[in-house]
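I set out to record strand pairing and charged side-chain contacts in this entry. The notes below follow the order in which I looked things up.

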Amino acid sequence: MRGFRLVPVAAGAALSVVVAVTAVACGPEHRAASAPSATAAPRAHRPAPSDPDLSGVIERYYELVEGAHWPFAYAMLSPRLRASLTQAEFEKRYAALIAPDVKARQVGPATAVTRIDAKDASGRARRYDETVAFVWDGEEWKIDRITRTP
């Protein structure tokens, strides 16, 4: 019986040594050496998917907005849209909406229409319709235009 007990202890000790060696090997010097360099080749740009289903992108965007995860939602905007809309302006656009209920429908290969029902800070029910246009950046879909009609 004692032999059976020594094997797990010995294996556990050996595993501890492997973990310790791995932790040392993956220290800051190793991570810095394996970090991508400034001369690393850029990622290859892929062509835009034909007939894309943008429901996942739309859902993720409005979930981030509803959860007030502003930096992440703002990062989903295209560089062109970010150039015309600061993050503070972006936050102000949605921050006053309390418990938004969003319904979205894709109406074209790169366009969606959403209806947002929410309350504002005063408790008054509000409804907004937004048309969201997407652009493919070579790696993922970005939101390129948001047109709101109250």
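I count a salt bridge where a side-chain nitrogen of Lys or Arg lies within 4 Å of a carboxyl oxygen of Asp or Glu. I note at the outset that the model is predicted.

**Entry 1: D117 and R127.** I applied the criterion to D117 and R127, whose side chains meet in a salt bridge with an N to O distance of 2.7 Å. I then placed the partners: D117 belongs to strand β2, and R127 to strand β3, which spans residues 125-136. The two are 10 residues apart, and the pair links distant parts of the chain. I looked up the accessibility of R127 and found a relative accessible area of 45%, so I entered R127 as partly exposed.

**Entry 2: the strands β1 and β2.** As D117 lies in β2, I turned to the pairing of that strand. I found β1 (residues 98-108) and β2 (residues 111-119) running antiparallel, joined by 8 bridges. Which residue of β2 stands opposite I98? I read off K119. The connection from β1 to β2 is a hairpin through 2 residues.

**Entry 3: E130, R148 and R93.** I next examined E130 and R148, whose side chains form a salt bridge at 3.0 Å, N to O. E130 sits in strand β3 and R148 in strand β4, so this contact ties together parts separated by 18 residues in sequence. Is E130 buried or exposed? I found E130 at 0% relative accessibility, and therefore buried, since the cut-off for that class is under 20%. R148 has a relative accessible area of 23%, so I recorded R148 as partly exposed. I also noted that salt bridges with shared partners join R93, E130 and R148 into one network.

**Entry 4: D144 and R80.** I then looked up the salt bridge between D144 and R80, in which the closest N and O atoms are 3.2 Å apart. Where do the two partners lie? I located D144 in strand β4 (residues 141-149) and R80 in helix α5 (residues 79-84). They are 64 residues apart, and I entered the pair as a link between distant parts of the chain. D144 has a relative accessibility of 17% and so counts as buried. R80 has a relative accessible area of 49%, and I therefore listed R80 as partly exposed.

**Entry 5: tally.** How many salt bridges does the structure hold? I entered a total of 7, among them D117 with R127, E130 with R148 and D144 with R80.

Key:
Residues are numbered from 1 along each chain as its sequence is written. This is a predicted model: local features need pLDDT of at least 70, side-chain atom pairs count only at pLDDT 80 or more; totals for chains, interfaces and linings use all residues. Side-chain values use heavy atoms; hydrogens and water are left out. Two strands pair if DSSP finds at least two bridges between them. Helices (H or I, at least four residues) and strands (E, at least two) are DSSP runs, numbered from the N terminus. Buried means under 20% relative accessible area, exposed over 50%, partly exposed in between (1.4 Å probe, protein chains only).
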